[in-house]
Amino acid sequence: MATETTTDEPTDELPETYDLLVVGGGVAGLTAATFTARAGIDTLVLNDGESVLNRNAHLENVPGFPAGINPRLFGELLKTQATENGATFQSARVIELTGSLEDGFLATAEADDESRTIHADRVIVASFPNAGFLEAFDLEIRQAGQKQYVETDHGRTGVEGLYVAGRLAEGYHQAVISAGDGAKTAIGLIHDAGIPFYNDWVVPEGYFTDRGREVPPGCEEIDAAEQKARQADSRAAMREYFAEPHEAQQRTHPSLVEDEAGRINW
Ligand SMILES: Cc1cc2nc3c(=O)[nH]c(=O)nc-3n(C[C@H](O)[C@H](O)[C@H](O)COP(=O)(O)OP(=O)(O)OC[C@H]3O[C@@H](n4cnc5c(N)ncnc54)[C@H](O)[C@@H]3O)c2cc1C
């Protein structure tokens, strides 16, 4: 059920253009993309490889799943949520990033031995704690062994228009922390972009208007019929997601198996 949306073929002359590029389609990047896409920001997520969460055996501390959830299914749900809210997801590795808020950012991305250039007004980097492809920027970076963490203020770096989220921002190593960090960074970016989209709430009909208030930007009032329809859709979707065991292979640490992605051959 996961969707991989593709865009038109890129031309040689002009880079593809998005309002926002999210580098890394793991927990933080996909959560950020859900929030920015819902605010009407044309969002591209580029992901290379897999979230480290795919190495988990059973995810038991993410809110909302009292019996736990298969972590690879959880990642698929995050991806579907981002794309169903309007984000585009593609598999590609970002190898270079340059630019500024004033001129726009240019990312070089590689996939299947092909390289392409993407233009974005803003960028959220939510990749692994390795800032190698960010070397064009004068960022505050903390080196810890082989890992590099970017210092941030609520996701904002010292470079306007460039944000970081998740492990790269030295968040604690739990999925809910990375998800929250992605959401917080996205909301900061939405504010910085001057988009009036504060709450991102869906409320029952009359919640604001029956008190003589306008529905605030980023909020939606829905009537009982619409509420029932959406809840029926959500029950049907979740039944389908949980009907069968998730088929993606268990991962482990890549050093333990002869497979660079760390796949276990069960
Ligand atoms: C074995 C293990 C078990 C865990 N178990 C739990 C648990 O039970 N509960 C819990 O809360 N947390 C758990 N975690 C921690 C959790 O996985 C992380 O906190 C969370 O995944 C971090 O989210 P993130 O978005 O920062 O990084 P990730 O989810 O790893 O996402 C980063 C993404 O960026 C992509 N990427 C990297 N570089 C590039 C690039 N240059 N271009 C494009 N894409 C790129 C990666 O492929 C990846 O998909 C576990 C971690 C491990 C390793």
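# A walk through a two-domain model

Let us start at one residue: leaving out residues up to four places away in sequence, Val-23 touches Leu-46, Val-94, Val-123, Val-125, Ala-126 and Ser-127. Keep in mind as you look around that this is a predicted model. Val-23 sits in strand S1, and it counts as buried because it has 28 C-beta neighbours inside 10 Å, where 20 or more are needed. Val-23 is also a good place to see how a chain folds back on itself. Ala-107 is 84 residues away from Val-23 in sequence, yet the two C-alpha atoms are 9.5 Å apart in space.

Now widen the view to the whole of strand S1, which covers residues 16–23. This strand is mostly covered, with six of its eight residues buried. What does strand S1 pair with? One partner is strand S6 (residues 114–125), joined to S1 by seven bridges, and the two strands run parallel. Within that pairing, Leu-20 has Arg-122 of S6 as its bridge partner. Another partner is S2, which also runs parallel to S1 and is joined to it by four bridges. Here Leu-21 has Leu-44 as its bridge partner in S2, and Val-22 stands opposite Val-45.

Strand S2 (43–47) deserves a look of its own. Five of its five residues are buried. On which sides is S2 covered? Both faces are: Thr-43, Val-45 and Asn-47 are buried on one side, and Leu-44 and Leu-46 are buried on the other.

From here we can step into the nonpolar core. In soluble globular proteins, nonpolar side chains tend to be buried together. In this model, the largest nonpolar core has 49 residues. The residues with the most contacts inside this core are Leu-21, Val-22, Ala-32, Val-45, Val-123, Ile-124 and Ala-126. You have already met several of these names along the strands. Helix H1 gives the most to this core, with seven residues. Val-22 shows how the pieces come together: setting aside its neighbours within four places in sequence, it is in contact with Gly-29, Ala-32, Ala-33, Thr-43, Leu-44, Val-45, Ile-124 and Ala-126.

Next, find the ligand. How many residues surround the ligand? There are 32, and the closest are Gly-24, Gly-26, Gly-49, Ser-51 and Gly-166. Some familiar elements return here, as H1, S2, strand S4 (93–100) and helix H3 (175–192) each supply at least two residues of the shell around the ligand. By chemical type, the shell divides into 13 nonpolar, 14 polar and five charged residues.

Now step back and take in the whole chain. It is divided into domain 1 (16–197) and domain 2 (200–256). The centres of these domains, taken over C-alpha atoms, are separated by 21 Å. Where the domains meet, 13 residues of domain 1 and 10 residues of domain 2 take part in the contact. On the domain 1 side, helix H1 (27–38) and helix H2 (71–84) each supply at least two residues. Which element gives the largest share of this side? It is H2, with three residues. The side of domain 1 that touches domain 2 divides into seven nonpolar, two polar and four charged residues.

Loops are worth a visit too. Asp-200 lies in the loop between H3 and strand S10 (201–204). Its phi angle is near 60°, a positive value in a residue other than glycine. Is Asp-200 buried or partly exposed? Asp-200 is partly exposed, because 17 other C-beta atoms lie within 10 Å. A similar stop is His-154, found in the loop between strand S8 (147–150) and strand S9 (162–164). The phi angle of His-154 is near 55°, again a positive value in a residue other than glycine. With 14 C-beta neighbours inside 10 Å, His-154 counts as partly exposed.

Our last stop is Glu-205, in the loop between S10 and strand S11 (219–222). Glu-205 has 15 C-beta neighbours inside 10 Å, so it counts as partly exposed. Not counting residues up to four places away in sequence, Glu-205 touches Glu-221, Ile-222 and Asp-223. Glu-205 and Ala-175 are 30 residues apart in sequence, and their C-alpha atoms are 33 Å apart in space.

Notes
Residues numbered from 1 in each chain as written. Predicted model: local features only at pLDDT ≥ 70, side-chain atom pairs only at ≥ 80, totals over all residues. Domains from an automatic or database assignment. Contact = placed C-beta atoms within 7 Å. Nonpolar A, V, L, I, M, F, W, Y, C, P; charged D, E, K, R; others polar. Near = placed C-beta within 6 Å. Core = buried A, V, L, I, M, F, W, Y, C linked by C-beta atoms within 7 Å. Buried ≥ 20, exposed ≤ 12 C-beta atoms within 10 Å, placed from the backbone. Pairing = 2+ DSSP bridges.
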